[in-house]
Amino acid sequence: MSRRVVRQSKFRHVFGQPLKADQSYEDIRVSRVTWDSSFCAVNPKFLAIIVESGGGGAFLVVPLSKTGRVDKNYPLVAGHTGPVLDIDWCPHNDNIIASGSEDCTAMVWQIPDSTPLRPIMEPVVTLEGHSKRVGIITWHPTARNILLTAGSDNLIIIWNVGTGEHLITIDNHPDLIYNVSWNRNGSLFCTTCKDKKVRVIDPRKQEIVAEKLSPHEGIRPMRAIFTRDGSIFTTGFTRMSQRELGLWDPVNFDEPIALQEMDTSNGVLLPFYDPDTNIVYLCGKGDSSIRYFEITDEPPYVHYLSTFSSKEPQRGMGFMPKRGLDVSKCEIARLYKLHERKCEPITMTVPRKSDLFQDDLYPDTAGPEPALEAQDWLEGKNADPLLVSLRDGYVPLKNRELKVVKKNILDSRPAPRRSMSTCDGNFQHQVTLEKLLEEIHSLKVTVQSQEKRICDLENKLSKFTNGTA
């Protein structure tokens, strides 16, 4: 009688590989802020990295195609007055990014497809509501313009960035919030807190649905994320400071589905989860390796797959959405590893001999269109993400402008009086340049409309000449 010893899985041989040196992003001064954020966010169009900046906080946004050395004078996104702590791309608009900062504000930015001529200083909207630093930013997975922020004031605020106003404030955390993760349809989110509790919260009812004290017994920071089927995956530390991972059922939080010890390193494990393949990638700050695990319905439920190792420790990590992967090379994930002075893409690939599209590796994935409007979600509706096929690859959409219906609260404040100086001269120069660019744009629009009118008239004239009219 034959006995199967090795577990069957199509992801058992997934291997990580860094891209060639000329495909990295060089000469980037990655932020040195002591905050357990990933410091990096990526989507199919852009790479954003929090960087060192004098006189406030800033982050760098470059098109994915702009590899190699980044010019030291490349324009930054630099509107915060304190260091930037977290950034997150909008899942429904690849040109919109949100940032949280030590200056107690969150800001939402529109990034142009073309390289800006100067630093981007004006956000589309500024969100003011926290009394301490804003360390966590995360967008709603299915509803348009819904943004969640969490601050060191132990508050969670949910905003409608389309109107610039806050919708919900949740104040049931007695201590610092470590992380927040939405579930697949955005009806719930889970949090980890310094009081050693994991909480599952219904934001619209503003109530705790379930909670677990000390899923990991250590006192060091934890992380928790929702999986596709509604389970909660956690990373933390044992009482002996060993790193540990766990899988929990929020309906029955008493006993873990799985609990595994890993190693004795002291870096917080940042989990990046792919709901399409059910694989979670664990990246420890200061580690030089990335471990990945597959979550299944079979014991032991969390299956170790492999480890990608390199010589350099990582300062942070970005995770590409499925839409941005190269399906022709059987790439199932791509991570962007931050070094001290560069960002290195690492691809995770399933070895296959065929060049044909692999349906089993690429089920339909979450697309860029929102499933709900903000008001629908607020009124209690839920919807799963709208899915798209990757059979022919994904082409990023053109720039769509974020329109704020309600004026920003900052617009009503009088501008501070300033004495004339060289700084004012530079400001006047910027204003003049903006006016010129606006006038050029309006003239181009006028010319294009006139050209269309001329074409229409010529077509009519030719019909009359040919006797077909």
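Of the contacts in the protein chain between residues at least 6 apart in sequence, 52% join residues at least 24 apart. The model behind this figure is a predicted one. As for secondary structure, the chain holds 32 strands along with 2 helices.

Turning to burial, 50% of the 469 residues in the protein chain come out as buried. The surface that the chain exposes adds up to about 23800 Å², and carbon and sulfur atoms supply 51% of that area.

Next, the cysteines. The disulfide count comes to 0. Cysteine 343 shows how one pairing falls short: its closest cysteine sulfur, in cysteine 40, sits 4.8 Å away, which is too far for a bond, because a disulfide needs the two sulfur atoms within 2.5 Å. Cysteine 343 also counts as buried, because its relative accessibility is 0%. Cysteine 104, on the other hand, has a relative accessibility of 22% and so counts as partly exposed; the cut-off for buried is under 20%.

That leaves the empty space inside. A search of the whole structure turns up 4 cavities of 30 Å³ or more, and the largest cavity takes in about 80 Å³. It is lined by 14 residues, and Val61, Tyr74, Ile111, Pro112 and Pro116 are the ones closest to its centre. By residue class, the lining of this largest cavity splits into 11 nonpolar residues, 2 polar and 1 charged.

Note on methods:
Residues are numbered from 1 along each chain as its sequence is written. This is a predicted model: local features need pLDDT of at least 70, side-chain atom pairs count only at pLDDT 80 or more; totals for chains, interfaces and linings use all residues. Side-chain values use heavy atoms; hydrogens and water are left out. On a 1 Å grid over the protein atoms alone, a cavity is a set of points where a 1.4 Å probe fits but cannot get out, and a pocket is an open set with protein on both sides within 12 Å along at least five of seven lines; lining residues have an atom within 4 Å of a point. Grid points are joined across faces, edges and corners, and a volume is the space filled by probe spheres set on the points. Ala, Val, Leu, Ile, Met, Phe, Trp, Tyr, Cys and Pro count as nonpolar, Asp, Glu, Lys and Arg as charged, and the others, Gly among them, as polar. Helices (H or I, at least four residues) and strands (E, at least two) are DSSP runs, numbered from the N terminus. Buried means under 20% relative accessible area, exposed over 50%, partly exposed in between (1.4 Å probe, protein chains only). Contact means heavy atoms within 4.5 Å. Accessible areas come from the Shrake-Rupley method with a 1.4 Å probe; for residues, only the protein chains shown count as cover.
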